[in-house]
Amino acid sequence: MAGFRPALIVVDLQEDFCPPKGSLAVANGRDIAPLVNKLLALPFVLRIATKDWHPRDHISFATNHEGKAPFEDTIAIVNPNNEAETYESRLWPVHCVQGTPGAELIPELHVSQLDVVLEKGTDPRVEMYSPFYDPFTSPRIYDSGLAQRLRDAQVTDVYVVGLAADYCVKNCAIDAAKEGFKTYLIEECTRAVDVSGWSGCRKGIEESGAKIVSMDGPEVRRLLTAQ
């Protein structure tokens, strides 16, 4: 289809985010794999999976902050190159440590159909939910090059799936829209950490310009006719 060059981003479909053994397991997270695999078989011009790939001293781990508890506590993260720029971030259990089984993509995912596996969260000093870049802007600390990779492939539309809906998937969709791509988050292909807060999170995603769609909707059906 002329002028339609879609890409698929599969966000963090890793063992530590999936039951039954994941240290930061998202309820029913593994269940999205069959639908994600159906998408991988469609004619995307680029299929990218992202992975959290944290060092053991990563700032998001509660164990690296004395007296802090995962899920319950937050910390202020300071831009290493500009102490005036900060943001508040939730603390987590140790997860997706580089080279550990928990950091691996789940075996149910058809990895042979991926074009790229992109590692994120590698700088211990900053949290990086988005696979595009960290939240800092003055200056930015880390840019993965994902936006340029999509532009180099002349991508027009970005479809986002994976884990978790209210953190890394959300930030991926928001940043894809911010970078000028028509962006679709496929709701059946994600799960949230905080299910009760999903409706509010959903609203924020749509306000960014990204669209939340269904597997049965026209945005996904369009892929069936793409060349």
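Pro-139 sits in the loop between β5 (116-120) and α2 (146-152), and this loop is a good place to start a tour of the structure, which is a predicted model. The peptide bond that runs from Ser-138 to Pro-139 is cis, with omega near 0°.

A second cis bond turns up elsewhere in the chain. Pro-19 and Pro-20 are joined by a cis peptide bond whose omega is about 5°, and Pro-20 belongs to the loop between β1 (6-11) and α1 (33-40). For background, most peptide bonds are trans, and most residues other than glycine have a negative phi.

That background also helps with two further residues. Asp-12 has a phi near 50°, a positive value in a residue other than glycine. Asp-12 is found in the loop between β1 and α1. Is Asp-12 buried or exposed? With a relative accessibility of 0%, Asp-12 counts as buried. Phe-71 is not a glycine either, yet its phi is positive at about 75°. You can find Phe-71 in the loop between β2 (46-52) and β3 (74-79). Phe-71 is partly exposed, since its relative accessible area is 36%.

**Rings that meet**

Phe-71 is also a good way into the aromatic residues: ring pairs link Phe-71, Trp-92, Tyr-129 and Tyr-167 into a cluster. Across the whole structure, a search finds 7 aromatic pairs. One of them, Phe-44 with Tyr-159, is edge-to-face, with 5.7 Å from centre to centre and 70° between the planes. Phe-44 lies in the loop between α1 and β2 while Tyr-159 lies in strand β6 (residues 157-163), so this pair ties together parts that are 115 residues apart in sequence. Phe-44 counts as buried at 5% relative accessibility, and Tyr-159 counts as buried at 1%.

Tyr-87 and Phe-136 form a pair that is tilted, because their ring centres are 4.9 Å apart and their planes stand at 55°. Tyr-87 is in strand β4 and Phe-136 in the loop between β5 and α2, so the pair ties together parts that are 49 residues apart in sequence. Tyr-87 counts as buried, with a relative accessibility of 17%, and Phe-136 is buried too, with a relative accessible area of 1%.

**Arginines over rings**

Two arginines are worth finding on screen, and the table lists each with its ring.

| Arginine | Ring below it | Distance from the ring centre |
|---|---|---|
| Arg-140 | face of Tyr-133 | 3.6 Å |
| Arg-222 | face of Phe-4 | 3.8 Å |

**The largest pocket**

Tyr-133, whose face lies under Arg-140, leads us to the last stop. The largest pocket has a volume of about 210 Å³. It is lined by 15 residues, and those closest to its centre are Tyr-133, Asp-134, Pro-135, Asn-171 and Asp-175. Which elements give two or more residues to the lining of the largest pocket? They are β4 (82-90) and α3 (165-178). The largest share of the lining, 4 residues, comes from α3. By kind, the lining residues divide into 6 nonpolar, 4 polar and 5 charged.

To retrace the tour, you might look again at the cis bond between Ser-138 and Pro-139, then at the tilted pair of Tyr-87 and Phe-136, and end at Asn-171 and Asp-175, which are among the residues closest to the centre of the largest pocket.

Conventions: Residues numbered from 1 in each chain as written. Predicted model: local features only at pLDDT ≥ 70, side-chain atom pairs only at ≥ 80, totals over all residues. Heavy atoms only, no water. 1 Å grid on protein atoms, 1.4 Å probe; cavity = no way out; pocket = protein on both sides within 12 Å on 5 of 7 lines; lining within 4 Å. Points joined across faces, edges and corners; volume = space filled by probe spheres on them. Nonpolar A, V, L, I, M, F, W, Y, C, P; charged D, E, K, R; others polar. Buried < 20%, exposed > 50% of the residue type's maximum accessible area, 1.4 Å probe, protein only. Phe/Tyr/Trp six-rings, centres within 6.5 Å; stacked < 30°, edge-to-face > 60°. Lys NZ or Arg CZ within 6 Å of the ring centre and 35° of its normal.
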